[in-house]
Number of protein chains: 2
Amino acid sequence: MSFENAWLQYSKICNEENKKYFFRVYAPDKNRVTTSAIQELACAALKIFDCRMQPAADQDAATISLVLDQERNLGTEGYEITEADGKLQITAGAPAGLLYGSFSCIRRIQCEKPLKGFQERKLPSAPFRMLNHWDNIDGSIERGYSGTSFFFQDQKVLVDDRTRMYARLAASVGINAVVINNVNVKGNATKLIDGTYGEELRLMKEILDDYGISLYLSLNFAAPMELGGMDSADPCDPEVAGWWKEKMKELYTRLPGFGGFLVKADSEGRPGPFTYRRTHAEGANVLADAVKPYGGRIIWRCFVYNCQQDWRDKKTDRAKSGYDNFMPIDGKFRENVILQIKNGPMDFQVREPVSPLFGGLKKTNQMLEVQIAQEYTGQQRHVCYLIPMFKEVLNFHTYCKEGADTVQDIVTGKTFKTTNCGIAAVANTGDDENWTGHDLAAANFFGFGRLAYDMDLTAEEIAREWISCTFGNDSEVQEKIEKMLLMSWPAYEKYTSPLGIGWMVNPNVHYGPNVDGYEYDRWGTYHRADHLGIGVDRTKDGTGYAAQYLEPNASAYESVETCPEELLLFFHYIPYTYRLKSGKTLIQHIYDTHFEGVENVDEMVKLWNSLEGKIPEKAFTRVQKRLAHQKMHSREWRDQINTYFYRKSMIADEQGRTIY
Amino acid sequence: MSFENAWLQYSKICNEENKKYFFRVYAPDKNRVTTSAIQELACAALKIFDCRMQPAADQDAATISLVLDQERNLGTEGYEITEADGKLQITAGAPAGLLYGSFSCIRRIQCEKPLKGFQERKLPSAPFRMLNHWDNIDGSIERGYSGTSFFFQDQKVLVDDRTRMYARLAASVGINAVVINNVNVKGNATKLIDGTYGEELRLMKEILDDYGISLYLSLNFAAPMELGGMDSADPCDPEVAGWWKEKMKELYTRLPGFGGFLVKADSEGRPGPFTYRRTHAEGANVLADAVKPYGGRIIWRCFVYNCQQDWRDKKTDRAKSGYDNFMPIDGKFRENVILQIKNGPMDFQVREPVSPLFGGLKKTNQMLEVQIAQEYTGQQRHVCYLIPMFKEVLNFHTYCKEGADTVQDIVTGKTFKTTNCGIAAVANTGDDENWTGHDLAAANFFGFGRLAYDMDLTAEEIAREWISCTFGNDSEVQEKIEKMLLMSWPAYEKYTSPLGIGWMVNPNVHYGPNVDGYEYDRWGTYHRADHLGIGVDRTKDGTGYAAQYLEPNASAYESVETCPEELLLFFHYIPYTYRLKSGKTLIQHIYDTHFEGVENVDEMVKLWNSLEGKIPEKAFTRVQKRLAHQKMHSREWRDQINTYFYRKSMIADEQGRTIY
């Protein structure tokens, strides 16, 4: 399928002041990443300014210079941009920094900000800035809402023009590592680690290398059995360890510089160390030892819980499982293992508390996992700009270390002084022409990368950058789309599940309202609504989850009075007649937010429709269609949720609006 | 897969009195069906009595004679059995009667009843006694719970030993017509009517013919487009009519004596006459005209409703749709069209009122459709002997004609003096070794056929026959299994949805409890439960459905006081505090029946376990495993339903039992 250029389309801009920097480039370094930087600058110059950039013999003759300088303490991925006397200089400690600096300059011209006087020094916030693709080798994508895979098709690995375009998009926002296959590794995907797909992976890695991106794979923990024909995958079995060592030696011989592996083990039916009564540390370490000689890393997911829970059981709490499973083995992991922790203790709901593993774990490398694939937030048919949510997560105080206790501090390495940390997002791309199904969902891809590289950016700044790069700088377009993006997450939260309780979706597909969909199921995802109230008691009288937090968070969550209201039903069972700080009863809050959420959608529809003629027609129509669906579907959410609670509580809406 | 012989296994019996009739057979008729009868008698004699039956030169020399006699008014399928002086004579008007008479004698020896003095005269109750197989051409079976198809596999038609065994089983209980493919006709199944599968169908038809069974197919109404390349399937388009005529001419040339077609049109997304603004009569008649020259028949299903309903809409009622669609065209159908009407207005729920089309339609041929595939009644993992339900349906008084107003009167032809009528069952077979997954589900296959042939039989009599034929005549085995069978449907009803409201199952799979599973969906299947009560108002103040019945049924259903309580929630919204005739409140009735239903299952488990050693081990273990599942799963039903209603009503169980 053909593909568009998303935020790298480089539309024409008439700006002579900025144009003048793009005539002659000087770049003594001949590294392939530096070459990509020059190519990108040339491409932007040509498309934006119709200007054919030429090489300059030396810096004096250049209008733009790309210079490596180890003295500037820019690390391997930082950069410095200075402008003086009509000349632009990008300085870095390594080629990747030059690439990021170049993209920064390009963004600046896309945003029509003057390069004159531009001074910028950036070191990436997160050492690891990863995308996790849940692409299957048959071409399907688990939780994919943008078509099928562009990495795999019919049991084959695809390497083509789209691979390069993908690498450019990812690198342009600072992504430096990608996992191309689904964490649920089955069938032929298990063979990605042996020679079967060796040549294709070599070609793919070459393209990614050009853009400073490390190739990672998801790995099947049972591979020693499935590929090696062994009768066990016990990580403590020396033969298993030996098999892994041999396998990794072969792999790294084929793919020198390969990044490493992402592993989902003992989760939702996947094999893992628990099968052999081994700890996750033992499971991760056998792999870590095997890749260590080659500088490889093991990203080990903490998404481990009992998915065979009895709904009648009110003491077992899925929210507690991550902490319960991993806290006892804090410090037991090799240095080249990084635990990848979902932002919340459940599963990418529209609202969750931050996982208590952040702040809990003190001797283990950590990476935050978020999901830009909108599995539970509208599946890229609803607008839902997630960067504000990620900002909240990053800014959360764990109280683990004075002055360096936020999630951001932890995953950027500030708290525990490590570089084996970072942030990963479950990707939202597919082979749809516009990459992300919903055109506005591209803001999450762009935004995740930008945020990972520069966590000082606000959600608003990122939104504005993305709009400029994608739709240009018309002020009406800017303001209206920014407004849409920023109102979208709150709106989605309003018309779906209230106050942190989550779920209420159709099982399996995770789309559309179904209040009791998971209520009597085995997944540990309950709301416990009855005639009098709703919510899960996670205090010491309930599941005891709140105590997994450090103080003062634990006490704050423990008490109804101090619990943040947006999480009230996550932590407490609350009567419908309880008065919130707004003065409204809980039930009235539910009704009101659901009506409001739909009104917000109507406003988004109006905002978008008013942009007709100012947005390329194809994109305009695509978004318009999805908004029409969102309009209908948000009403379905509103009516089902309101009706459910009205029928259960029999408390009428104070405003007498229609509830069925 | 290998297969067992079900109720035709002919286990050894030591009974010299009965054995003596099986030495010499006289049968002058050489028709293939008569030959099957003789073969079956010989097979039974050999296996049961170890007795090699020989041909006799004349009737005097015979111990058993099969004689055709047109003077006895036995029609084409009736028979008369007389015993005198140690000789047995089976008389019939046509070979099929001889076959049914032979099977009657065999059953009698299987039941160890004396042949001495045996006198029986039977004419089949229903002219058409059909099985509808929902088998797909890829080998899957829609709503199949006994493995995959033995008619189709991987786009091929299968004809093998199992085909013959199937024909023997079906004929042994009186089945005289089978539709081998799913009513949802898609892909290659559409080509079953052209020459593609001509030879296989010819072979299959030969086998079925041997046992007096007519071969029918389901047909794709859009075949003129899909096969004929036409741009319409409009039944009133002369070219379409011409295409059908030509197609049928070809088919009947290949398959002389072919029965005809079963058609699902305009239902659940299937194409039909509505596409062209034509009536169902116009749709059926174009096909009827095409098959008429060859004596073919069109069975037209009345399962037509709006499956895109808005759950908010409380006036539209799926229950009304069959009547609304077909009553206006009563009398418009050709004589060789038979409308096939599901027993209830919804879809094979554990309890439904009888379809008001029965009694409503007065000038159209009618056939009752029941489902022995236990789609909504435990899917052949739960025991659910359905013959008592079918008896209730057949005995229902429609009040359409004095003295001949029951459903049985209508479908046996008594009411409207026709032979184009009968009863069809959606089949419950597959390629499982025991044919029906659950060994006890075979009682429904057996029982359906027996009942269709002889509607005077009671459910108890049929159960006892089946047990004797299958498990022998040990009195403990007899009594305990009969008890299990007869308690099974009431038990299933008790622990699932109460008082006729139906549904409350997981969508799509239709298995397992999910009270709100269909409540906010588009299928027209709601319970409307709120804090105060539950039920659908189908009176004149509600959807008006009750008025579709003839008096006095209409008035009886209209009023809460006179409505049969087992259907109370189907017709009325009832407060939980309403007192039933038992003196119990509705909510207490719900709790009590759900606890009772589970106790009934526990009793069934005990009854079965006590038979260990008396039942062949393989069958014993298979049933034991399924009962263990039923035990667990009935608890799941009990707990989810009780918890749902407790949480909604907040009315405590008077007995203080555990509700979650």
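**Questions on a predicted two-chain model**

Modeller: Chain A and chain B bury about 2,200 Å² between them, with 55% of it on carbon and sulfur atoms. Buried area here is the accessible area (1.4 Å probe) that two parts lose on being put together, summed over both. This is a predicted model, in which local features need pLDDT of at least 70 and side-chain atom pairs count only at pLDDT 80 or more, while totals for chains, interfaces and linings use all residues. Residues are numbered from 1 along each chain as its sequence is written, and side-chain values use heavy atoms, with hydrogens and water left out.

Colleague: Which residues of chain A supply 34% of the area that chain A buries against chain B?

Modeller: They are A:Arg312, A:Tyr520 and A:Arg647, and no other three residues supply more. In terms of contact (heavy atoms within 4.5 Å), 21 residues of chain A meet 21 residues of chain B.

Colleague: What makes the relation of chain A to chain B that of a two-fold axis?

Modeller: Chain A can be laid on chain B by a turn of 180 degrees and a shift of 0.0 Å along the axis, with an RMSD of 0.0 Å. The superposition is by least squares on the C-alpha atoms of residues with pLDDT of at least 70 in both copies. Such a turn is therefore the relation of a two-fold axis. The C-alpha of A:Lys648 lies 2.6 Å from the rotation axis, the closest approach in chain A.

Colleague: Why is the pair B:Arg647 and A:Glu519 called a salt bridge?

Modeller: The term requires a side-chain nitrogen of Lys or Arg within 4 Å of a carboxyl oxygen of Asp or Glu. The N to O distance between these side chains is 2.9 Å, so the pair qualifies. Across the interface of chain A and chain B, the rule finds 6 salt bridges.

Colleague: Why is B:Trp503 called buried, and what is notable about the phi of B:Trp503?

Modeller: Buried means under 20% relative accessible area, exposed over 50%, and partly exposed in between (1.4 Å probe, protein chains only). B:Trp503 has 6%, and is therefore buried. Its phi is near 55 degrees, a positive value in a residue other than glycine. Most residues other than glycine have a negative phi.

Colleague: What makes B:Met650 partly exposed?

Modeller: The relative accessible area of B:Met650 is 25%, so this residue falls in the range between buried and exposed. B:Met650 also has a positive phi, near 60 degrees.

How values were computed. Chains are lettered from A and ligands numbered from 1 in the order in which they are written.
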